2 protein chains.
Amino acid sequence: MAENGVHRASTFAPVNIAVIKYWGKRDTKLNLPTNGSISVTLSQDDLRTHTTATASPSYTEDSLELNGSPQDISGARTQACLRELRELRAKVEMGAPQAAKLSQMKLKIVSQNNFPTAAGLASSAAGFAALVRAIADLYQLGTSPTDLSRIARQGSGSACRSLMGGYVAWQKGEEADGSDSVAYEVSPASHWPDMRALILVASAEKKDVSSTAGMQQTVASSALFEHRASEVVPKRMKRMEQAIHRRDFEEFAILSMKDSNNFHACCLDTQPPIFYMNDTSRAAIRMVEAINSAQPDDKPIAAYTFDAGPNAVIYYLTENEDKVAGTFKSILGDVTGWDNKRGQSLSATGGAVESIDSVAAEVLKKGISRVILTSVGDGPRKTEEHLA
Amino acid sequence: MAENGVHRASTFAPVNIAVIKYWGKRDTKLNLPTNGSISVTLSQDDLRTHTTATASPSYTEDSLELNGSPQDISGARTQACLRELRELRAKVEMGAPQAAKLSQMKLKIVSQNNFPTAAGLASSAAGFAALVRAIADLYQLGTSPTDLSRIARQGSGSACRSLMGGYVAWQKGEEADGSDSVAYEVSPASHWPDMRALILVASAEKKDVSSTAGMQQTVASSALFEHRASEVVPKRMKRMEQAIHRRDFEEFAILSMKDSNNFHACCLDTQPPIFYMNDTSRAAIRMVEAINSAQPDDKPIAAYTFDAGPNAVIYYLTENEDKVAGTFKSILGDVTGWDNKRGQSLSATGGAVESIDSVAAEVLKKGISRVILTSVGDGPRKTEEHLA
C-alpha cells in the first residue's frame, strides 16, 4: 500500500439506472430526496468508473482528474465527501497510533470512465461511488456499503445506489440530518442474474435542463409532484421490492414504465416545462410497446425507462434477448455497440414483431447514435490496476 | 322558412380552444366531465362550421353531409342530440296546433368547415354546435344557449362551449343526469376584445390516440389524473374566471400554459403513455418562452396551449401582435396563412427576441405547415346563406 510514503487504493464502480426514479430533494445541502428510489446496478464489464486515490505528504492540495482533465474539487458536495471520510480515518488513526496519518495528507484522485461522457449516462453516480469507495479503501476504514452510501449521497444523490450490486433501494429516510437516508440491497445480482439492459444512446443534443436544477424547479412549481412523492412512489417502492424478490418481470416492467412516465409527467408539469424525452425517445417507447403487444399472452417482456435525457434503457431477461435486443438490432444494426460477444450472437431478425412500424424505425435510425448491451452486475470492485 | 313544404335554417358556429382543459369523463354516455373547463371562442371570420338543417315530409331518413361527404348519423351521440331537439319541437307543436309537424319529418343536415379538416383543429366542437344551433333555429325552439349547450355536450363534450362567444366555461356539474353540466359565458368577446390567437398547424402526422379513447385511458390508468381533476383544476377555474374578468393577461397566460402542460403530463402518465406534443410543439414552447423572457419586466405577453395534437395555439393581445406573431412570421414567413389583412400588416422582424434560437427555429420551419391568425369572437350566427 505504501511505497516511498505514497499510499494508494483503486476501485471500479458501476453505473446504476433507476426503475423507481429519484426526482426532488427535501434538503438540497444534504441531498435528501423527497421519495425513495430503486435501481439496477449495471455490469462493470460494460460501464464503469475506475478511480485511484492516492495520499502523500508531498501533495500540497487535493486534486481530482477525470478522463485526463483536472476537475474542480472545491464544490460543497465533493468537500462534504472528503471531510466525512477524513473524519472516519482520523478515528482509525486515534485507535492505532502507529497508523500513517493519511487524514492529514492531501489526496490525489484520478478517474476514468470506460464509456463516452457525452453519452449522457449517469456518470456522476459511478463517479462519486468510485471516489468514496477508493478513499475508504485507501483509509482502510472497514465501513459498510450502507454507511458509505450515506457519504456518497452527499456527493450525488444517486451515487449512493452505486455502492452495491444487483437491485438497490435508496430509502428516503425521515431524519433531518440524513442519517437514515441510505441505500440498501433489495436483492443481489445473483438472485436475478438474467436481467439484461439495452441502452439506446440518442444523438448528442444539449440537455434541456440539468437534473440538479430541474428537480428543484419541479418541487417548486409542479401541481402534481407532491402527489407523486407522497402517494405514488411509496406504494410503488413496496411493489417493486416484492417484484424483485419474486423475480416477477411482468410487474417489474409495468412499474418501471409507469414510474418513468410518471417522473417525466412531473417534469412536463414543471413551470417552465422540462422535456427530457424527444421524438426519438417516443419511437423507442412505441417499439417496446410493439414488442410487448406481439407476445401471445400480452405479458411484457421489455421495459423502457428514461433518466433525465433522451436515452432509452430497456430491461429484459436473457431468455428474450433475441426478441427484444434482436428487434432493435434489426433496425439499428448499423450503429456501434453490437460488437461485443452478446451483440454478435444476436439474431437481427426482428424476432418479436411481425411488422415493424416504419415511421418509428426511421425516427430511431436517425436519432440513435450507438447502443450498449449490458446486464445486472455487482457492486464496486477493488483493483490493483492503478491510474497514474 | 317553408317553401314547397321544405323548412330550413342555417347557422355559422365557431371553434373554441380551451385554456383550462377538458380531459376525462365521469359518464361516457352523457359526456359528463371529471372537471370543468374554460375556453376562448375564436372568430368565425377565420374558423367556422356552416350548417344548414332542412326538414321535409319527402325525406325518408335523417342524413348528414360534411364537406361533401355523407357521414354516419346513427351514432349514439348524434342520435341523442336529434332526439332531444325533436322532443323540444314536439312540445312546441303541442302548444301550437297549426305549427308544421317538423318533429315528425326526417332531417337533412349539410355542413362545411372553412378550414382544412386535416389541420387537426377541434372541428367536432364547431360541428356539433352548428348542428344543434341550426336544428334549434329550424324548430324555432327559442331555447337558451345554456339549454342548447346541454344538448350539444352529448354530441361532443367541448361543443357545448361553442354555443357562446367570448370566454366560456363548462361547469362540471354534480347531477347524475347531467342537467347541470352546461356552458355559461364568463365574459363576452366585447369585454376583452383584443385577445388574439396564432395557430401553428403542425405537418400532418397520424394522431397518437383519439381524444375520446385517450381520455378514458387516462382516467383508468394515470396515478396523477384524479389529483388534477379534483384538486388542481377547480382552483384554476376560479382563478381563470377572475383573470378574464380583470383582463389580467399575465395570470391568463400563466394559468393557460400550466394547465396545458398539466393535461399533457396526465396524458404522459397514462399507461400506455399518450404523446400529443412532439419536438415541433416543444420548439414552439421554447419560442414563446424566449418571447416572454425578452420582456423587460418578465411578464408574459404570449401563452401557448395544446389540445390533443401537436398544433400550438398562442394567445396574445393586439398590442403585442408584432412582438408575438411578428416573431413567428420572421421564422415561418414562407408558410401559408399570413395573407389575411392582419397577417400582411405584421412586421416580421422577430420584434421581441434579440436572437432567435436557431435550433428551435429550424425545427419549427420543418414541422409547421401553415398558420392561422385569428382572435376572440362571437357565438353562433344565424345566416340566410343555405347549403344545398
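Helices and strands here are DSSP runs, numbered from the N terminus. With that naming in hand, this predicted model can be read from a sheet in chain A, through a sheet in chain B, to the place where the two chains meet.

In chain A, four strands line up as an open sheet in the order β14-β15-β13-β16, with antiparallel pairing. The edges belong to β14 (302–305) and β16 (368–375) of chain A; each has a single partner strand, so one side of each is left without a neighbour in the sheet. On average, neighbouring strands of this sheet are turned by 20° against each other, direction ignored. Strand β13 of chain A, residues 195–202, pairs with β16(A) over seven bridges, again in the antiparallel sense. Looking at single residues, Val201(A) sits opposite Arg370(A), which belongs to β16(A).

Two helices lie across this sheet. Helix α6 of chain A (residues 249–268) crosses β13, β14 and β15 (312–317) of chain A, and runs at about 25° to β14(A). Helix α8 of chain A (residues 321–332) lies across β13, β14, β15 and β16 of chain A, running at about 145° to β15(A).

Chain B offers an open sheet of four strands too, ordered β3-β6-β11-β12 and paired antiparallel. Here β3 (16–20) and β12 (183–187) of chain B take the edge positions, and because each has a single partner strand, one side of each is left without a neighbour in the sheet. Neighbouring strands of this sheet are turned by 35° against each other on average, direction ignored. Within the sheet, β6 (residues 37–41) and β11 (residues 167–170) of chain B run antiparallel and are joined by four bridges. Ile38(B) has Ala169(B) in β11(B) as its bridge partner. Helix α6(B) lies across β3 and β6 of chain B, at about 95° to β3(B).

Then there is the interface. Contact involves 32 residues of chain B and 32 residues of chain A. About 2600 Å² is buried between the two chains, and carbon and sulfur atoms give 56% of that area. The count of residue pairs in polar contact between chain B and chain A is nine, both residues being at pLDDT 80 or more. On the side of chain B that touches chain A, α5 (225–246), α6 (249–268) and α7 (279–293) of chain B each supply at least two residues. The largest share, eight residues, comes from α6(B). By type, that side of chain B divides into 14 nonpolar, eight polar and 10 charged residues. As for salt bridges across the interface of chain B and chain A, the rule finds zero.

Technical notes
Residues numbered from 1 in each chain as written. Chains lettered and ligands numbered in written order. Predicted model: local features only at pLDDT ≥ 70, side-chain atom pairs only at ≥ 80, totals over all residues. Heavy atoms only, no water. Contact = heavy atoms within 4.5 Å. Buried area = accessible area lost by both parts, 1.4 Å probe. Salt bridge = Lys/Arg side-chain N within 4 Å of Asp/Glu carboxyl O. Polar contact = N/O pair within 3.5 Å; in protein donor to acceptor, adjacent residues only side chain to side chain. Nonpolar A, V, L, I, M, F, W, Y, C, P; charged D, E, K, R; others polar. Pairing = 2+ DSSP bridges. Axes fitted to C-alpha atoms, helices over the stretch in contact; angles between N-to-C directions.
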